[in-house]
Amino acid sequence: MRALLMTAPGRAEVGEVPGPRAHGGEVVVEVERAGVCGTDVELFHGSLGYIAEGATRYPIRPGHEWCGRVRALGAGVDRAWLGRRVVGDTMLGCGRCARCRSGRHHVCADRTEIGVRGDQPGALAERLALPASALHAIPEQLSPAAGALVEPGGNALRAVRAAALQGGERVLVLGAGTIGLLTAAFAVVHGARVVVADPRPEALALAARFGAEGVDPDDLTEDSAFAAVVDASTGAGSPAAAVRLAEPAGRVVLIGLSATPSALDTRALVYKDLQVSALLGASSGLEGAIAWYTAGEVVPDPLVAAVVGLDGVAAVLAGERPAGAGPGPKVHVDPHRRP
């Protein structure tokens with residue numbers, strides 16, 4: 001089959017690789033649609049922390065935002081999965097440790113992350129093998145775009161849950177990338193009054209489509225404090241800004257990751273009596289994202305700017321915008337599309 005391979009920092013190519021087989025407890029999924037994520041860009045450039053730690057090594061087969069259809073079953077897998085449209089949990093724990101047994105497999109010390117950490121190949125390929133235990137069914141009527149946005153949607157829904165929003169509260173989302181905009185969308189349907197801060201007018205126009213108000217970050221002051229602030233940006237200074245803009249006794253949720261270490265004075269947290277949550281992964285938010293998308297309460301499709309084939313991914317990773325791309329932050333991949 002064809003798959004994208006990152007062979008070294010700054011180098012990615014499409015190649016023919018052996019097709020996956022479903023071993024015991026596994027399935028093989030034909031990938032319908034996959035997303036190019038900021039994490040994939042960091043893998044491409046070699047800046048992701050997992051590489052420095054040795055948890056991820058080249059060559060890398062990326063791709064962790066996807067949807068597809070189950071085409072083959074390994075021994076012991078319920079035959080009801082065959083032919084189902086599915087998405088999958090990126091986080092694969094060992095299944096044996098105390099964290100896994102208590103439902104915290106996403107922070108298992110021995111976890112792999114599909115297409116990100118360890119040696120589990122990702123979904124920027126025609127087919128993908130993964131444990132059946134990681135599968136989540138999606139309905140036939142869900143669009144391919146929405147299906148491949150379930151994973152970022154799960155992250156965003158976790159952020160909204162962590163913000164513990166009360167009806168009518170004002171919440172600020174820093175950053176109007178995919179996670180930030182989906183966080184805004186979920187916060188709106190949870191009854192919050194949402195403000196999205198981003199310097200890009202086109203990003204704020206998308207925020208308005210989800211029912212949020214858009215502002216330039218430079219226009220925010222401590223006088224406009226919010227009951228909850230979600231930092232969904234990649235700026236090293238954003239966590240400190242989130243703390244500064246949160247109402248005393250409010251909540252701060254950290255879900256964005258900067259390329260360089262961010263500085264945060266913990267005294268500011270204490271003096272303002274803030275509750276702070278930091279989130280990794282979409283695991284516990286996947287089912288909720290599927291439900292909200294299926295009900296039509298959140299329609300994520302406008303986030304997709306373009307769909308390319310595997311041959312167009314390297315250019316996207318290098319920062320090129322596909323010809324004719326719309327205003328959305330997300331580029332999707334149809335791995336079966338040929339040049």
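Is Tyr293 buried or exposed? With a relative accessible area of 4%, Tyr293 is buried. The close-ups below come from a predicted model.

**View 1. Phe186 and Tyr293 form an aromatic pair.** The count here comes to 1 aromatic pair. Its two ring centres, those of Phe186 and Tyr293, sit 6.2 Å apart, and the planes are at 15°, so this pair is stacked: planes under 30 degrees apart earn that label. Phe186 is buried too, at 0% relative accessibility.

**View 2. The ring pair links two helices.** Phe186 belongs to helix H6, which covers residues 178-189, while Tyr293 belongs to helix H10, covering residues 286-295. The pair therefore ties together parts of the chain that are 107 residues apart in sequence.

**View 3. Helices H6 and H10 cross each other.** Their axes come within 12 Å and cross at roughly 70°. That makes H6 roughly perpendicular to H10. On the H6 side, the contact is made by Leu182, Phe186 and Val189. H10 brings Ala289, Trp292 and Tyr293 to the contact. So look for Phe186 and Tyr293 here again, the stacked pair from the opening view.

**View 4. Arg117 sits over a ring.** Here the charged end of Arg117 is placed over the ring of Tyr50, 5.0 Å from the ring's centre.

**View 5. Residues 25-140 carry a domain label from UniProt.** The unreviewed UniProt entry gives this span as "domain: Alcohol dehydrogenase-like N-terminal". In the model, residues 25-140 are 15% helix and 31% strand. The C-alpha atoms at the two ends of the span lie 24 Å apart.

How values were computed:
Residues numbered from 1 in each chain as written. Predicted model: local features only at pLDDT ≥ 70, side-chain atom pairs only at ≥ 80, totals over all residues. Heavy atoms only, no water. Phe/Tyr/Trp six-rings, centres within 6.5 Å; stacked < 30°, edge-to-face > 60°. Helix = DSSP H or I, 4+ residues; strand = E, 2+ residues; numbered from the N terminus. Buried < 20%, exposed > 50% of the residue type's maximum accessible area, 1.4 Å probe, protein only. Lys NZ or Arg CZ within 6 Å of the ring centre and 35° of its normal. UniProt positions renumbered as here; feature names shortened; annotations may be inferred. Axes fitted to C-alpha atoms, helices over the stretch in contact; angles between N-to-C directions. Parallel < 35°, antiparallel > 145°, perpendicular 65-115°, else oblique. Contact = heavy atoms within 4.5 Å.
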